[in-house]
Amino acid sequence: MPKAILYDSTLCIGCKACEAACAERWGLPYNEQIAAEPQLSAHKLTAVDTYGERFSRRLCMNCIQPTCASVCPVGALQKTSLGPVTYDADKCMGCRYCMQACPFQVPTYEWNSRLPRMRKCNMCYERQSAGKLTACAEACPVGATINGDWDELAQEARRRIAEKPDQYYQKVYGITEVGGTSVFYLSAVPFEQIGLRTNLGQEPMPETTWRVLELIPDIVSTGTVLLGGIYWITNRRAEVARAEGARAEGAKKEGR
Amino acid sequence: MTSKLPKITVWRVIFAAILACGLYATYVRVMYGLGGATNLSDKFPWGLWIAFDVMCGVGLAAGGFTLVAMVHIFNIEKYKPILRPAILTAFLGYMLVVVGLLYDLGRPDRLWHPLVMWNPHSVMFEVAWCVTLYTTVLFLEFLPVVFEKFGLHKPLEWIHQISVPLMILGVLLSTLHQSSLGSLFLIVPEKLYPLWYSPILPLLFFISSIAVGLAMTIFESWHSSRAFGRALELPLLMSMARVLAVVLSVYLWIRLLDLSHRHAFELLKQNRIETWLFLLEIALMAVPMVLLYQARIRRQPGALYACAVMVVFGFIANRVNVGTTGLEAGSGTHYFPKWTEVAITLSIVAVGFATYRMIAQYFPIFEVEEHHNANAGPEKNEKEADSVAVT
């Protein structure tokens, strides 16, 4: 059963306990200065940002059909059956196509390292494999971030907005976006007002390039036949012209 | 000759200055990483090195496959005298792309990874294989020049035996590679500005690469005729300019259709930087197209050269727009290259020019292969005369 995270921004109090727990889980430094940074970075794989009096938490969406995994030329990114999208730094060559392609602009890079890696949340793959909760869900004191089975959390999210229609914007973000993700958002206001991208379609992004990539065998085979054929025709024509030229010259000489 | 001497010195000084900056920038890149050497950021991970060094480098090398297809597959023999310079340009172009990649990759020591660790769903995987295979093909296509220079007849024969499949392979790989650079951006529909994002980006990239391949051939013929004091192959370039005008027309027409089908013309009413960059890019393609349809323009080497330069710049503008400027608004950030990025790009280009010059000086680039040359001479001249008359 794939796992998911439900983040209910109406419950979030902005205490950033998730940030601290995440930093600890990755062995990253965490202090007041880092806590004040609003955006994701190579040393901050989840970030709680403030929008007026509301909070919004960013982390990797661990998409059902991840764009990053589809664009990675070396297969360093993999979608696991458990839900998390994992990253193998030993394969990564640093082309940063995952960063360019990610519709949520999640992957970050160790820009100042001589041997840099891409960094992103992997929904605590190791912890969840061992049956534990993600570090952020375990740390959240108010239940704004909860972790569980995908189906159950999707149902829970829908139940909340149906039960309290006056408190919630009537949509669960993350269920259909780019074919579905593993992180669901609930909000009191439209999602663009808490910093989420709302111009994404329901089609999984890997389709956009696969439509073209799947044509390659056809292009190569048809191209070979076509170019080979053209070569054969044009050179045949040249051969004939040469032969006829020789014959004509021969005839001319005989005539003399 | 004496009047030319100071000019050459000036160029040499500029060349040395560029290289010195490039070397220092390389030091910064190695010691302080991408963060120290570039203005790239998490929200803007690709910059000048991808948009110019890689995307333009590959495109400007397109003369190689275009001329190979014209001369050897379509058997239009009159273009043979400019085939070798085009192959040399393409080969150097690809070598420089590889050098550019070594700077841009976070882990250049793992350049070979895609050859071993496969992911056929990735356009970047296709790009990596195309770069590798086509650079090899270009090397093999260039080898006869080296063999001829050193009088190695046996290997020359071997190469000739595989030359036809090799050339077909080269054209196919180029088709894939040129278009795949457009496919790379199919994955960012929500980021790339709609004047550039199109589902037919791969097709547009392919057609524009043919145009710039022809323009680059005219460009380099003009320069090498000046540098080496050779006569300009004007009749050839004139007939090539006709082809260029048609390719540009096809490209602009498809671009127009695409924009109208996607209802993107509305966007031109907005006074935004994207609108102006788009208009600049289109003008740099449309103006030479109109000019090249006129015999008067094609007949003048200077005007012909100016048209070729416009097409080259129009092409560069397009690639830079798709690769950087068109992505800024959608990425929610600004990007302008750091001086180190510019210095390295300029150095790569400068080294390319210098290497071309050196190889052209010491290797038989501007002659047709000996055994063809002997009997093809007068016939060729006739053909050239014909094409002058026609144009």
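This is a short walk through how two chains, A and B, meet and what sits inside them.

Okay, housekeeping before we start. What we have is a predicted model, where local features need pLDDT of at least 70, side-chain atom pairs count only at pLDDT 80 or more, and totals for chains, interfaces and linings use all residues. Residues are numbered from 1 along each chain as its sequence is written, chains are lettered from A and ligands numbered from 1 in the order in which they are written, and side-chain values use heavy atoms, with hydrogens and water left out.

Let's begin where the chains touch. On one side we have 53 residues of chain B, in contact with 57 residues of chain A; contact means heavy atoms within 4.5 Å. People often give the size of an interface as the accessible area lost when the parts come together. Here about 4,700 Å² is buried between chain B and chain A, and carbon and sulfur atoms give 61% of that. Buried area, by the way, is the accessible area (1.4 Å probe) that two parts lose on being put together, summed over both. On the chain B side, the residues losing the most area to chain A are Asp42(B), Ile187(B) and Glu190(B), together 15% of what that side buries.

What about polar contacts? Between chain B and chain A there are 26 residue pairs in polar contact, both at pLDDT 80 or more. That term means a pair of N or O atoms within 3.5 Å; within protein, one must be able to donate a hydrogen and the other to accept it, and residues adjacent in sequence count only if both atoms are side-chain atoms.

Which parts of chain B do the touching? Helices H1 (5-37), H3 (63-73), H5 (113-116), H6 (123-149), H8 (163-183) and H13 (301-331) of chain B each supply at least two residues to that side. Helices (H or I, at least four residues) and strands (E, at least two) are DSSP runs, numbered from the N terminus. H1(B) gives the most, with 7 residues. By type, the side of chain B that touches chain A divides into 31 nonpolar, 14 polar and 8 charged residues. For that split, Ala, Val, Leu, Ile, Met, Phe, Trp, Tyr, Cys and Pro count as nonpolar, Asp, Glu, Lys and Arg as charged, and the others, Gly among them, as polar.

Now, charges. Side chains of opposite charge can pair when their charged atoms come close. A salt bridge here is a side-chain nitrogen of Lys or Arg within 4 Å of a carboxyl oxygen of Asp or Glu. The structure holds 19 of them over all chains, and the count between chain B and chain A is 1. Who makes it? Arg96(A) and Asp104(B), at 3.0 Å, N to O.

Stay with Arg96(A) for a second. You'll find Arg96(A) in the loop between strand S5 (85-87) and helix H4 (97-101) of chain A. Its phi is near 65°, a positive value in a residue other than glycine. Arg96(A) counts as buried because its relative accessibility is 2%; buried means under 20% relative accessible area, exposed over 50%, partly exposed in between (1.4 Å probe, protein chains only).

Two more salt bridges to look at. Glu156(A) and Arg160(A) pair with their closest N and O atoms 2.9 Å apart. They are 4 residues apart in helix H7 of chain A, so about one helical turn separates them. Over in chain B, Glu148(B) and Arg84(B) meet at 2.7 Å, N to O. That pair links distant parts of the chain, with Glu148(B) in helix H6, Arg84(B) in helix H4 (residues 83-104), and their positions 64 residues apart. Both Glu148(B) and Arg84(B) are buried.

Last stop, the nonpolar core: a set of buried Ala, Val, Leu, Ile, Met, Phe, Trp, Tyr and Cys residues joined through side-chain atoms within 4.5 Å. The largest one has 173 residues, and those touching the most other members include Tyr97(A), Phe104(A) and Leu184(B). Helix H10 (residues 234-261) of chain B provides the largest share, 13 residues. And what does Leu184(B) touch? Leaving out residues up to four places away in sequence, Leu184(B) touches Tyr97(A), Trp46(B), Val123(B), Met124(B) and Val127(B).
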